[in-house]
Amino acid sequence: MRFKSVRQVQKINKKKVIIHSVIQFALTLLLLYSSFFIIGVPIGFIVPYVAVFIIVLYLSNKYADKTLRFYKNNKGLIFVDLGWFSNFSYILATVTRLIITSLGMIIRFEIPEKMGIEPGLTFSLFGETLAIFIVATIIFDFLLIYGKATLAGMHRRMLIHYKLILSGKEIVKDDVNKESK
């Protein structure tokens, strides 16, 4: 059995990277807001969340050169390959956090009781208290912060390389199609 590697090679420009970063930042803030005000994570977790974000952002920015690959096509357009790890961490962090937020809203707004469903049958894993659910939310929040900080560090590094390539201080490989096969 053979597996092909999945590569996301995309055209790069400054506006696109900045817009993508702003969207990611807004989504992260929305999901973290839901952690504190819908699910009930203690507000004191802001400090560890910010600390983890800063540390991962620093490490991602420092080591992003090992995963980023830049290419030029015959028209001179610049492309970047983020690698599989950044895509995987982003998807894992966002999807798991959306699932947790959805379940949290269902439990917090007592939707099963309003529909006449016994909550013990539906959410027997969570029991009467939300303590286990809050702990799971905190764990998935750290995954979310890790994934978003990794992407933010890569985006910052991508913009630095993009400026160097445009100024001619950095040389990149030609023909993205040959390299991605």
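A residue counts as buried when its relative accessible area is under 20%, as exposed when that area is over 50%, and as partly exposed in between. The model shown in these views is predicted.

**Overview of the protein chain and its secondary structure.** The protein chain has 181 residues, and 35% of them are buried. Its secondary structure comes to 7 helices and 4 strands. Read from the N terminus, the order of elements is β-α-α-β-β-α-α-α-α-β-α.

**The salt bridge between R157 and D65.** The count of salt bridges comes to 1. In general, side chains of opposite charge can pair when their charged atoms come close. Here R157 pairs with D65, and the closest N and O atoms of the two are 3.0 Å apart. R157 belongs to helix α6, whereas D65 sits in the loop between α2 and β2 (69-72). The two residues are 92 residues apart, so the pair links distant parts of the chain. D65 has a relative accessible area of 32%; this value lies between the limits of 20% and 50%, and D65 is therefore partly exposed.

**Helix α6 along its length, and the residue just after it.** Helix α6 covers residues 131-167, which is 37 residues. At 1.5 Å a residue, a helix of this many residues should span 54 Å. The C-alpha atoms at the two ends of α6 are 54 Å apart, so the span agrees with what is expected. Just after α6 comes G168, with a positive phi of about 85°.

**Two buried residues of helix α6, I145 and M154, with their contacts in space to distant parts of the sequence.** I145 is placed in helix α6. Its relative accessible area is 2%, which is under 20%, so I145 is buried. Y90 is 55 residues from I145 in sequence, and the C-alpha atoms of the two are 9.6 Å apart in space. M154 also lies in helix α6. M154 has 3% relative accessibility and therefore counts as buried. Between the C-alpha atoms of M154 and S60 the separation is 6.3 Å, although these residues are 94 residues apart along the chain.

**H20 of helix α1 and A152.** H20 is found in helix α1. With 32% relative accessibility, H20 counts as partly exposed. Along the chain H20 and A152 are 132 residues apart, and their C-alpha atoms are separated by 9.6 Å.

**D81 of strand β3 and K11.** Strand β3 covers residues 78-81, and D81 is placed in it. D81 has a relative accessibility of 4%; it counts as buried because this value is under 20%. The C-alpha atoms of D81 and K11 are separated by 9.1 Å, with their positions 70 residues apart along the chain.

**The largest pocket and its lining.** The space in the largest pocket is about 410 Å³. Its lining is made by 19 residues, of which F25, T28, L29, L32 and F53 are the closest to the centre. Elements that each supply at least two residues of this lining are α1, α2 and α6. Helix α1 has the largest share, with 9 residues.

**The nonpolar surface patch.** Y33, F37, I43, I46, V50 and I54 make a nonpolar patch of about 620 Å² on the surface. The elements giving two or more residues to the patch are α1 (14-39) and α2 (46-63). Of the elements, α2 gives the most, with 3 residues. One member of the patch, Y33, is placed in helix α1. Y33 has 47% relative accessibility, which does not pass the limit of 50% for an exposed residue, so Y33 counts as partly exposed.

Note on methods. Residues are numbered from 1 along each chain as its sequence is written. This is a predicted model: local features need pLDDT of at least 70, side-chain atom pairs count only at pLDDT 80 or more; totals for chains, interfaces and linings use all residues. Side-chain values use heavy atoms; hydrogens and water are left out. Patches are made of residues with over 30% relative accessible area and no salt bridge: like charges are joined within 9 Å, nonpolar side chains (Val, Leu, Ile, Met, Phe, Trp, Tyr) within 5 Å. Accessible areas come from the Shrake-Rupley method with a 1.4 Å probe; for residues, only the protein chains shown count as cover. A salt bridge is a side-chain nitrogen of Lys or Arg within 4 Å of a carboxyl oxygen of Asp or Glu. Buried means under 20% relative accessible area, exposed over 50%, partly exposed in between (1.4 Å probe, protein chains only). The expected span of a helix is 1.5 Å times one less than its number of residues. On a 1 Å grid over the protein atoms alone, a cavity is a set of points where a 1.4 Å probe fits but cannot get out, and a pocket is an open set with protein on both sides within 12 Å along at least five of seven lines; lining residues have an atom within 4 Å of a point. Grid points are joined across faces, edges and corners, and a volume is the space filled by probe spheres set on the points.
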